[in-house]
Amino acid sequence: MLNSYIFESIFTTTSITGQNFLYATIASILCGLFIACLYRIRNKPSKSLLVTVVVLPAAVQMVIMLVNGNLGAGVAVAGAFSLVRFRSAPGKGQEIAVIFEAMAVGLATGMGYIGIAAIFTAVISALILVLNLTGFGGRSEGERVLKIMVPENLDFEGRFDGIFEKYLTGYHIDEVKTANMGSLYKISYLVQFKPGASVKALMDELRTGNGNLEISVSRPVTQQDEL
């Protein structure tokens with residue numbers, strides 16, 4: 001009995017009644033609001049994105065309900081949407097995923113599957129939230145960029161390995177370039193600090209090996225996660 005309410009469409013005929021239209025529209029708006037509210041946690045979306053996520057399920061639902069299996073209307077709608085050109089900055093991969101989620105919800109409610117739309121909204125939104133809270137796919141908190149300046153006559157390859165093994169769990173050279181008209185080398189390492197390791201102690205020991213030239217430790221630059 002429960003499956004009949006969740007996994008069956010509220011549209012029993014090809015005609016659309018005012019009551020069914022109202023139910024589907026309310027469900028679309030509520031699902032869009034739920035997606036937008038959960039996406040705001042641990043993210044900083046723009047107002048435009050949030051409004052789009054709220055409105056998009058209802059808009060897609062309306063299109064699906066009007067087409068209603070009519071091939072000619074479907075082709076006309078596809079032609080109308082092909083005229084739209086989106087001129088905006090490239091979005092993040094996660095933002096695009098949320099927009100596709102909102103479109104999928106609109107497809108479900110437009111076909112009358114309100115129960116499926118609600119379950120899909122809850123599961124996918126919760127999954128995105130959990131992945132954000134757990135930092136899935138992100139950089140480790142102990143990961144840093146270490147930059148060391150050395151004289152051009154210093155053989156830096158392997159010179160600092162003993163010091164690194166004392167304070168770091170992992171390290172590798174990310175970039176080497178010349179500086180000061182070629183009289184210096186600037187070496188960038190991507191390093192992983194041991195728990196409780198002192199950054200100051202590491203830098204003090206490195207200064208004795210590079211002639212007291214410039215040393216810096218910073219967080220890695222987060223790149224724009226575009227698709």
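In this predicted model, strand β1, which covers residues 143–151, is joined to β4 by 4 bridges, and the two strands run antiparallel. Within that pairing, lysine 147 has serine 216 of β4 standing opposite. The pair belongs to an open sheet of 4 strands, whose order is β2-β3-β1-β4 and whose pairing is antiparallel. Because β2 (168–179) and β4 (215–218) stand at the edges, each with a single partner strand, one side of each is left without a neighbour in the sheet. From one strand to the next, the twist averages 20°.

Helix α8, made up of residues 199–207, packs on this sheet and touches β1, β2, β3 (184–193) and β4, while its direction makes about 155° with that of β4. The loop between α8 and β4 holds asparagine 212, a residue other than glycine whose phi is nevertheless positive, near 60°. Most residues other than glycine have a negative phi, which gives a reason to look at the surroundings of such a position. Asparagine 212 is partly exposed, its relative accessible area being 48%.

Another positive phi is found ahead of helix α3, in the loop between α2 (18–40) and α3, which is the place of arginine 42. The phi of arginine 42 is near 65°, again a positive value in a residue other than glycine. With a relative accessible area of 56%, arginine 42 counts as exposed, because the cut-off for that class is over 50%.

Helix α3 itself runs through residues 47–67, and its 21 residues reach 30 Å from the first C-alpha to the last, which is close to the 30 Å expected at 1.5 Å a residue. The helix nevertheless has a kink of about 35° at valine 55, shortly before proline 57. That proline is among the buried residues of α3, which also include Leu49, Leu50, Val53, Val54 and Leu56, followed by Ala58, Val60, Gln61, Met65 and Val67. An α-helix has 3.6 residues a turn, so residues three or four places apart point the same way. With this in mind, the reader can trace buried positions such as Leu50, Val53, Val54, Pro57 and Gln61 along α3. Just after α3, asparagine 68 takes a positive phi of about 50°.

Terms used. Residues numbered from 1 in each chain as written. Predicted model: local features only at pLDDT ≥ 70, side-chain atom pairs only at ≥ 80, totals over all residues. Heavy atoms only, no water. Expected span 1.5 Å × (residues − 1). Bend = angle between axes of the 7 residues up to and from the residue. Buried < 20%, exposed > 50% of the residue type's maximum accessible area, 1.4 Å probe, protein only. Pairing = 2+ DSSP bridges. Axes fitted to C-alpha atoms, helices over the stretch in contact; angles between N-to-C directions. Contact = heavy atoms within 4.5 Å.
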